[in-house]
Structures are given as C-alpha cells and as structure tokens.
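Visitor: I'm new to this one, so could you walk me through it with a few questions and answers? Let's start once we can both see it.

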Amino acid sequence: MIARVTAASTPAAPAPAAPTGKDAILRAARRAFTQRPYAEVTIRGIAADAGVSASLVVKHFGRKEELFNTVADFGPAAEELFDAPLDGLGRHMVLTLVRSRRAQQSDPLLRVVFSLGNHDERSLLRDRFHEQVTGRLTARLPGRERALRAELIAGQLIGLGATLSLHREGAGSRATPEHLADLYAPALQSLVTG
C-alpha cells in the first residue's frame with residue numbers, strides 16, 4: 001500500500017534542540033509564573049528547571065520581580081504578530097504564531113490564559129495583554145467596532161494556541177504552518193477587514 005502525502009499529513013519537522021542560557025531561563029520562568037503563584041516561584045527553582053545556575057538567572061534578569069516583568073511582556077510577540085499589511089494580516093498572524101510555537105517550543109500569547117497567580121499577577125498579565133496585544137491591534141484595524149474585532153482576533157489566536165497545545169501529537173502538529181494558515185486565516189482576515 002502506498003501512502004499519499006498531502007500538506008495536511010506532511011510529517012512535522014524535527015523538534016528544535018532544547019534552548020540553553022537566556023532562552024532556557026525564559027522558558028522555565030514562563031512555566032513557573034503561569035503554573036504557580038508568584039510567592040511560590042523562586043530564582044533557584046527557575047534555574048534548576050532551566051539547567052543553569054541561579055547566578056546566571058540573576059545576571060541575565062536581575063531579581064524575581066524583573067524576571068516576572070520580562071515574562072509578562074507581550075510587546076515583542078505583538079510586534080511579530082502584527083508586522084504585516086492589513087490585507088494579509090490574518091494569514092501572517094497564523095503563520096507567525098505557529099512558527100514561533102515550533103521554534104521556541106512555547107506559545108507567545110497563551111500564558112495569559114494559564115496564569116494562576118494571585119489577583120495582582122493575573123491583573124498585571126491581563127492589563128499588559130490588553131495594552132500590548134488587543135489595544136495595539138485595535139489601533140491598527142480600520143472601520144467600525146475595532147475594539148470588539150481586536151478582542152475576537154486575540155481570542156481566536158489564543159484558541160489556536162490552546163488547540164495546538166491540547167493536541168501536541170495531533171493532526172495540527174503534522175500540518176505545515178501554511179496549511180494551518182489556509183484553514184484558519186480566512187476567519188481572522190474577515191475580522192481584520194471588518
């Protein structure tokens with residue numbers, strides 16, 4: 001029997017090598033701050049998870065508060081996600097999200113949903129997300145109901161990330177970013193154009 005290979009069934013690229021140094025620290029910090037309350041997170045715990053020394057964490061990021069602020073910064077992700085002309089923004093967002101997830105082995109937006117810290121930490125993440133992601137997108141969109149459309153787009157991007165996380169070994173992991181964009185981007189683009 002000969003198997004047909006299609007865009008939807010193309011084998012996933014090999015997983016990238018585990019990050020080291022600063023990237024490993026950021027990944028460990030994202031996991032720590034989104035899975036445990038702020039008070040329970042320690043620099044030593046993050047360092048152990050990242051496979052580095054606590055002094056290296058401090059060298060790169062300073063105190064725990066500064067590391068949290070770095071993790072709570074959605075600005076760089078928003079820069080990448082929204083760096084396209086409006087007529088192709090829906091496709092660009094899907095491609096950027098999927099490629100970023102695969103390259104970094106983490107989702108650039110999903111941490112806002114899984115933040116379990118106390119009320120102040122959740123508020124900070126939500127406020128930063130609203131300002132740096134939803135607010136920025138609102139300012140870019142033309143036409144009426146820009147804020148509503150930006151919130152719906154952000155929700156769909158988070159939904160895509162959640163789906164890919166939920167089905168890590170599923171069909172989405174084997175589909176190319178282009179094929180995922182073919183299927184998912186039209187809904188986003190209709191919200192972009194209004």
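Visitor: What share of the accessible surface of the protein chain belongs to carbon and sulfur atoms?
Guide: Keep in mind that this is a predicted model. The accessible surface of the protein chain comes to about 10,700 Å². Of that surface, the part belonging to carbon and sulfur atoms is 56%.

Visitor: How many helices and how many strands does the protein chain have?
Guide: Reading along the sequence, you meet the pattern α-α-α-α-α-α-α-α-α-α. For the protein chain, the count is ten helices and zero strands.

Visitor: What percentage of the residues in the protein chain is buried?
Guide: Buried here means a relative accessible area under 20%. The protein chain has 194 residues, and the buried ones make up 41%.

Visitor: Among contacts with a separation of 6 or more, what share comes from residues 24 or more positions apart?
Guide: Here we set the contacts in the protein chain with a separation of 6 or more as the whole. Within that set, residues 24 or more positions apart account for 71%.

Visitor: Are α1 and α4 roughly parallel or roughly perpendicular to each other?
Guide: Helix α1 covers residues 21-35 and helix α4 covers residues 64-71, and their axes come within 10 Å. Those axes cross at roughly 90°. An angle of 65 to 115 degrees counts as roughly perpendicular, so α1 and α4 are roughly perpendicular.

Visitor: Which residues make that contact, and how many of them are nonpolar?
Guide: On the α1 side you'll find I25, L26, A29, R30 and F33. On the α4 side there are K64, L67, F68, T70 and V71. By class, the contact of α1 with α4 has two charged residues and one polar, and the number of nonpolar ones is seven.

Visitor: How do α1 and α3 sit, roughly parallel or roughly perpendicular to each other?
Guide: The axes of α1 and α3 come within 10 Å. They cross at roughly 95°. With 65 to 115 degrees as the range for that label, α1 and α3 are therefore roughly perpendicular.

Visitor: And how many nonpolar residues are in the contact of α1 with α3?
Guide: From α1 come K22, I25 and L26, while α3 brings L56, V57, H60 and F61. One residue of this contact is charged and one is polar, and the nonpolar count is five.

Visitor: Is G62 buried or exposed?
Guide: G62 lies in the loop between α3 (54-61) and α4. Leaving aside neighbours within four places in sequence, G62 is in contact with I43 and V57. The relative accessibility of G62 is 17%, and because the cut-off is under 20%, G62 counts as buried.

Visitor: How far apart in space are V112 and A72, C-alpha to C-alpha?
Guide: V112 lies in the loop between α6 (89-104) and α7, and at 14% relative accessibility V112 counts as buried. Setting aside neighbours within four places in sequence, V112 is in contact with F74, L125, R126, F129 and I158. A72 is 40 residues from V112 in sequence, and in space the two are apart by 8.3 Å.

Visitor: What distance separates the C-alpha atoms of L89 and Q189?
Guide: L89 lies in helix α6 and is buried, with a relative accessible area of 0%. Not counting residues up to four places away, L89 touches L81, F82, A84, L137, R140, Q189 and V192. L89 and Q189 are 100 residues apart along the chain, yet their C-alpha atoms are separated by 6.6 Å.

Visitor: Which residue's side chain makes a polar contact with the side chain of S165?
Guide: S165 is in helix α8 (residues 146-166) and counts as buried at 18% relative accessibility. Not counting residues up to four places away in sequence, S165 touches R101 and L110. The polar contact, at 3.2 Å, is with the side chain of R101.

Visitor: One last thing: what is the phi of E145?
Guide: E145 is in the loop between α7 (119-140) and α8. At 55% relative accessibility E145 counts as exposed, because exposed means over 50%. E145 is not a glycine, although its phi is positive, at about 55°.

Methods:
Residues are numbered from 1 along each chain as its sequence is written. This is a predicted model: local features need pLDDT of at least 70, side-chain atom pairs count only at pLDDT 80 or more; totals for chains, interfaces and linings use all residues. Side-chain values use heavy atoms; hydrogens and water are left out. Helices (H or I, at least four residues) and strands (E, at least two) are DSSP runs, numbered from the N terminus. Buried means under 20% relative accessible area, exposed over 50%, partly exposed in between (1.4 Å probe, protein chains only). A polar contact is a pair of N or O atoms within 3.5 Å; within protein, one must be able to donate a hydrogen and the other to accept it, and residues adjacent in sequence count only if both atoms are side-chain atoms. Contact means heavy atoms within 4.5 Å. Accessible areas come from the Shrake-Rupley method with a 1.4 Å probe; for residues, only the protein chains shown count as cover. Axes are lines fitted to C-alpha atoms, for helices over the stretch in contact, and angles run from 0 to 180 degrees between N-to-C directions. Angles under 35 degrees count as roughly parallel, over 145 as roughly antiparallel, 65 to 115 as roughly perpendicular and the rest as oblique. Ala, Val, Leu, Ile, Met, Phe, Trp, Tyr, Cys and Pro count as nonpolar, Asp, Glu, Lys and Arg as charged, and the others, Gly among them, as polar.
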